[in-house]
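Please look through the structure below, beginning with the chain as a whole and then turning to one part of its surface.

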Amino acid sequence: MGVPTRSVMMAKNRRSTVRGGFVHVPALPEQVLDRAVPSLPAAAVATGLRALLTAAATHRTDPRVSEGTEH
């Protein structure tokens, strides 16, 4: 289990009031030699992270979904 996953699980298991989560950010297109590997331009990553931080700042609670649920 990696450090980000371990941190999220520790906060969850301790019933912490601190909100946390994990965001996977794919490689930049210029970092990918094999075109079958997912990548995303930096501008798109920045747009997504801005949306994530805006949502986190404007919503006091998080939806209750099971781990691994995709939307």
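In this predicted model, L52 has a relative accessible area of 37% and is therefore partly exposed, because that class covers residues that are neither buried, at under 20%, nor exposed, at over 50%. The residue is found in helix α2, which spans residues 42-58.

To place this helix in context, the protein chain has 2 helices and 0 strands, and α1 covers residues 3-13. Of the 71 residues in the chain, 3% count as buried, while the accessible surface of the chain comes to about 6,400 Å², with 60% of that area belonging to carbon and sulfur atoms. Among the contacts with a separation of 6 or more, 27% are accounted for by residues that lie 24 or more positions apart.

Which residue of the loop can be set beside L52 by the distance between their C-alpha atoms? It is V23, which lies in the loop between α1 and α2; V23 and L52 are 29 residues apart along the chain, and their C-alpha atoms are separated by 9.3 Å. V23 has a relative accessibility of 39%, so it too counts as partly exposed.

Both residues belong to a nonpolar patch on the surface, which is formed by V23, V25, L49, L52 and L53. Together, these residues have about 400 Å² of accessible area. The patch thus brings together V23, from the loop between the helices, and L52, from helix α2, and membership rests on a relative accessible area of over 30%, a cut-off that V23 passes at 39% and L52 at 37%.

Technical notes
Residues are numbered from 1 along each chain as its sequence is written. This is a predicted model: local features need pLDDT of at least 70, side-chain atom pairs count only at pLDDT 80 or more; totals for chains, interfaces and linings use all residues. Side-chain values use heavy atoms; hydrogens and water are left out. Patches are made of residues with over 30% relative accessible area and no salt bridge: like charges are joined within 9 Å, nonpolar side chains (Val, Leu, Ile, Met, Phe, Trp, Tyr) within 5 Å. Accessible areas come from the Shrake-Rupley method with a 1.4 Å probe; for residues, only the protein chains shown count as cover. A salt bridge is a side-chain nitrogen of Lys or Arg within 4 Å of a carboxyl oxygen of Asp or Glu. Helices (H or I, at least four residues) and strands (E, at least two) are DSSP runs, numbered from the N terminus. Buried means under 20% relative accessible area, exposed over 50%, partly exposed in between (1.4 Å probe, protein chains only). Contact means heavy atoms within 4.5 Å.
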